[in-house]
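Work through the exercises below with the sequence and the 3D structure at hand. Try each task yourself before you read the solution that follows it.

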Amino acid sequence: PMSHLSQTRQPVAATFLRHLSPRPLIIDVRSAKEVAAAKGGVAVEDSVNVPLNVDGQPQSEHETTAAEFTEKLQAAGVTLPTDAPIVTHCTAGDTPYVGRGARAAALLREMGYANAHNGGSADAIREALDS
């Protein structure tokens, strides 16, 4: 998983996001509270909110596993596309620590979804896809 993390740690560039085809499934891994407060931007249209943290514990206390993330995705009713890219995001892209968006993309890659990418923040993704 660490090798995946080295690939997803930095958010992908806007030009990369813009050229993803078909339109990616966007998974917002912020907490419901962060989404409500629009931390990092209001929710991207058609995105699904699947908080990465287990029981509200920060990643520094409990790193979400692939099995836990799979369970959360299923509980949220999310069907992962096998033929479309997946873009994850949290509140911000460029952090000194490993962000949840980066970790979520790495977990998806670990689960076999090679076309999973860290989009950074909701604002960054919206800006890239809308321009």
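**Exercise 1.** Find the residue with a positive phi that follows helix α4, and then work out how α4 is placed in the protein.

*Solution.* The residue that follows α4 is Gly77, and its phi is positive, near 75 degrees. This is a predicted model, in which local features need pLDDT of at least 70 and side-chain atom pairs count only at pLDDT 80 or more, while totals for chains, interfaces and linings use all residues. Residues are numbered from 1 along each chain as its sequence is written, and side-chain values use heavy atoms, with hydrogens and water left out.

The elements are named by a fixed rule: helices (H or I, at least four residues) and strands (E, at least two) are DSSP runs, numbered from the N terminus. Helix α4 covers residues 66-75, and its buried residues are Ala66, Phe69 and Leu73. Seen down the axis of α4, these buried residues fall within an arc of 65 degrees, so they line one face of the helix; the arc is that of the directions from the helix axis to the C-beta atoms. Here buried means under 20% relative accessible area, exposed over 50%, and partly exposed in between, with a 1.4 Å probe and protein chains only.

Next, look at the face of α4 turned away from the buried side, which carries the exposed residues Ala67, Glu71, Gln74 and Ala75. Finally, ask what covers the buried residues of α4: the cover includes β1 and α5, where contact means heavy atoms within 4.5 Å.

**Exercise 2.** Determine in what order the four strands stand in the sheet, and which strands are at the edges.

*Solution.* Begin with the rule that two strands pair if DSSP finds at least two bridges between them. In general, strands of a sheet pair through backbone hydrogen bonds, either parallel or antiparallel.

Now take the pairs one at a time. Strand β1 (residues 25-28) and strand β3 (residues 86-90) pair in the parallel sense over four bridges; in β3, Val87 is the bridge partner of Ile26, and His89 is that of Asp28. Strand β2 (residues 48-49) runs parallel to β1 and is joined to β1 by two bridges, with Val48 of β2 standing opposite Ile27. On the other side of the list, β3 and β4 run parallel and are joined by four bridges, and Ser121 in β4 stands opposite Cys90.

Put together, the four strands form an open sheet in the order β2-β1-β3-β4, with parallel pairing. Strands β2 and β4 stand at the edges, each with a single partner strand, so one side of each is left without a neighbour in the sheet.

**Exercise 3.** Decide whether the faces of β1 are covered or open, and then describe how helix α6 is placed.

*Solution.* Both faces of β1 are covered, since Leu25 and Ile27 on one side are buried, as are Ile26 and Asp28 on the other. Strand β4 is mostly covered as well, with six of its six residues buried.

In helix α6 (residues 122-130), the buried residues are Ala122, Ile125, Ala128 and Leu129. Seen down the axis of α6, they fall within an arc of 135 degrees, so they line one face of the helix. The face turned away from that buried side carries the exposed residues Glu127 and Asp130. What covers the buried residues of α6 includes α2 (14-18), β1, β3 and β4 (116-121).

**Exercise 4.** Establish whether Arg103 is buried or exposed, and which residues Arg103 touches.

*Solution.* First locate Arg103, which is found in helix α5 (residues 100-110). Its relative accessible area is 11%, so Arg103 is buried. When residues up to four places away in sequence are not counted, Arg103 touches Leu5, Leu52, Gln59, Glu63 and Val98.

**Exercise 5.** Examine three loop positions with notable backbone angles: Pro22, Asp46 and Asp55.

*Solution.* Pro22 lies in the loop between α2 and β1, and a cis peptide bond with omega about -10 degrees joins Ser21 and Pro22.

Asp46, found in the loop between α3 (32-36) and β2, has a phi near 70 degrees, a positive value in a residue other than glycine. At 63% relative accessibility, Asp46 counts as exposed.

Asp55 is found in the loop between β2 and α4 and has a positive phi of about 50 degrees although it is not a glycine. With a relative accessible area of 74%, Asp55 is exposed.
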